[in-house]
Amino acid sequence: SIGDRGFNAAKGYLHNARQMLASCRHELKCCLWDLRSRTFEEKNMTEAVERTIAHHLGQVKATVHFNVPREALSDSDTHIVLRIIRELTVNAIRHGKAAHVRIAGELRDGFIRFSVKDDGIGFDTENVKGPELGHFGIQGIRERIATLDGEIAIESTIGQGTKTTVRIPAESGEK
């Protein structure tokens, strides 16, 4: 009946609204943490990444080797990179159920390349939930990377984890 369809549609909209609210709440918490934290002023990028993800890890182990000189990034770009890494790490833990996350970065050939790799459950990269379903993580990451004229590649295998690689021009830090 029309009543059942209407009820199910309303139930779906309510679910999406709850997802959006949860995402907004998470983003607000991150913004407040960013205001209180001076992590992006850290001179050692490995330590900056470790501090950025520390309170999200819980029992998850993280290995960080971020061999990028801090001078290669402006304060603004450092902040963006740290937010991307944090979002990828949170996704690996929350959605991927990862037990270990590996974060690596390097400066080579005029580009800063960094990756977040996890041992989680993986996902179908062709069917990523987006903002229309209250999931803003991947879309937000893509938008942040676009502001840096960068590129993102996501490789994931169900049952074997995910590796996300980002490449941005080092020149972005010289703006």
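In what order do the five strands of the open sheet stand, and is their pairing mixed or not? The order is 1-2-3-5-4, and the pairing is mixed, where two strands count as paired if DSSP finds at least two bridges between them, and where strands (E, at least two residues) and helices (H or I, at least four residues) are DSSP runs numbered from the N terminus.

Before I go on, please keep in mind that this is a predicted model, in which local features need pLDDT of at least 70 and side-chain atom pairs count only at pLDDT 80 or more, while totals for chains, interfaces and linings use all residues. Residues are numbered from 1 along each chain as its sequence is written, and side-chain values use heavy atoms, with hydrogens and water left out.

Let me return to the sheet. Strand 1, residues 61-67, and strand 4 stand at the edges, and because each has a single partner strand, one side of each is left without a neighbour in the sheet. On average, neighbouring strands are turned by 10 degrees against each other, direction ignored; axes here are lines fitted to C-alpha atoms, for helices over the stretch in contact, and angles run from 0 to 180 degrees between N-to-C directions.

Strand 1 pairs with strand 2, residues 100-108, in the parallel sense over seven bridges, and K61 has H100 of strand 2 as its bridge partner. Helix 2, residues 45-57, packs on the sheet and touches strand 1 and strand 2, its direction making about 160 degrees with that of strand 1, with contact meaning heavy atoms within 4.5 Å. Helix 3, residues 75-94, also packs on the sheet, touching strand 1, strand 2, strand 3 (111-118) and strand 5, and its direction makes about 15 degrees with that of strand 3.

Now to the side chains, where the structure holds three salt bridges, each being a side-chain nitrogen of Lys or Arg within 4 Å of a carboxyl oxygen of Asp or Glu. One of them joins D75 and R70 at 2.4 Å, N to O; R70 is buried at 6% relative accessibility, whereas D75 is partly exposed at 45%, given that buried means under 20% relative accessible area, exposed over 50%, and partly exposed in between (1.4 Å probe, protein chains only).

R108 and E106 also meet in a salt bridge, at 2.6 Å, N to O. Finally, E151 forms a salt bridge with R167, their closest N and O atoms being 3.5 Å apart, and this pair links distant parts of the chain, since E151 lies in strand 4 (residues 151-157) and R167 in strand 5 (residues 161-169), 16 residues apart.
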